[in-house]
Amino acid sequence: MFALHLLVRDVPASMDWYQQALNATLTRVLRMPDGTIAIADLDIDGLPIALAAPIPGTTMSTPDETSTTVSAFRLTVPDADAALTRAIDAGAVLVSAAEDKFWGVRTAEVLDPSGHRWAFDQHLRDVADGEIEANLAAIMASH
């Protein structure tokens with residue numbers, strides 16, 4: 001099983017965002033002695049996600065604090081345009097509008113409120129590896 005542990009600026013607000021934007025289900029909330037949320041566990045179509053605030057004194061931080069991200073989380077969805085609209089309506093920042101890609105998907109990307117990058121991939125057609133490689137070679141040759 002694979003799970004994500006994401007650091008977020010505001011755990012309660014992020015819990016709401018993930019539920020609204022990505023249709024996540026809240027599965028557990030663990031609290032600190034003062035009542036603040038230590039970890040919120042959610043589920044997105046079988047993918048477990050834990051949300052927590054950065055711990056002072058550690059090197060772990062949110063992408064928006066470092067102005068960078070090292071990954072993009074890709075969700076397979078039935079309708080990329082609808083998923084994009086839902087995320088934007090919940091407060092996501094648009095990275096790229098929905099567009100048909102040569103590898104057979106319609107995809108769009110957003111940043112969540114803490115700067116994590118999410119992509120919505122809608123399968124359009126099966127594409128042979130050779131065709132994908134040929135398209136990649138053409139793109140690389142033009143740069």
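**Exercise 1. Find which side chain makes a polar contact with the side chain of Asp121, and decide whether Asp121 is buried or exposed.**

Solution. In this predicted model, the side chain of Asp121 makes a polar contact with the side chain of Thr107, at 2.5 Å. To place the residue, note next that Asp121 belongs to strand 8. The accessibility then settles the second part: a residue is buried when its relative accessible area is under 20%, and because Asp121 has 12% relative accessibility, it counts as buried. Finally, when neighbours within four places in sequence are left aside, the surroundings of Asp121 can be listed as Arg74, Leu75, Thr76, Val77, Val105, Arg106 and Thr107.

**Exercise 2. Work out the strand order of the open sheet of 4 strands, and describe how its strands pair.**

Solution. Reading across the sheet, the order is 1-4-3-2, and the pairing is mixed. The edges are strand 1 (4-7) and strand 2 (25-31), each of which pairs on one side only. On average, neighbouring strands of this sheet are turned by 20° against each other, direction ignored.

Now take the pairs in turn. Strand 3 (residues 37-44) and strand 4 (residues 47-52) run antiparallel and are joined by 5 bridges; within this pair, Leu42 stands opposite Ile49 of strand 4. Strand 2 and strand 3 also pair in the antiparallel sense, over 6 bridges, and here Arg28 stands opposite Asp41 of strand 3. The hairpin of strand 2 and strand 3 has 5 residues between the strands, and Gly35 takes a positive phi near 95° in it.

**Exercise 3. Identify which strands helix 1 touches where it packs on the sheet, and which element gives the most residues to the largest nonpolar core.**

Solution. Begin with the packing: helix 1 (residues 11-22) lies on the sheet and touches strand 1, strand 2, strand 3 and strand 4, while its direction makes about 5° with that of strand 3.

Turn then to the core, which has 31 residues, and in which Tyr18, Leu22, Leu51 and Trp118 touch the most other members. Among the elements that give two or more residues to this core are strand 5 (72-76), helix 3 (80-89), strand 7 (105-111) and strand 8 (117-123). Helix 1 gives the most, with 6 residues.

As a last step, look at Tyr18, whose contacts, apart from neighbours within four places in sequence, include Leu6, Leu42, Ile44, Leu51 and Trp118, and also Asp112 and His116. For background, nonpolar side chains in soluble globular proteins tend to be buried together.

How values were computed. Residues are numbered from 1 along each chain as its sequence is written. This is a predicted model: local features need pLDDT of at least 70, side-chain atom pairs count only at pLDDT 80 or more; totals for chains, interfaces and linings use all residues. Side-chain values use heavy atoms; hydrogens and water are left out. Two strands pair if DSSP finds at least two bridges between them. Axes are lines fitted to C-alpha atoms, for helices over the stretch in contact, and angles run from 0 to 180 degrees between N-to-C directions. Contact means heavy atoms within 4.5 Å. A nonpolar core is a set of buried Ala, Val, Leu, Ile, Met, Phe, Trp, Tyr and Cys residues joined through side-chain atoms within 4.5 Å. Buried means under 20% relative accessible area, exposed over 50%, partly exposed in between (1.4 Å probe, protein chains only). A polar contact is a pair of N or O atoms within 3.5 Å; within protein, one must be able to donate a hydrogen and the other to accept it, and residues adjacent in sequence count only if both atoms are side-chain atoms.
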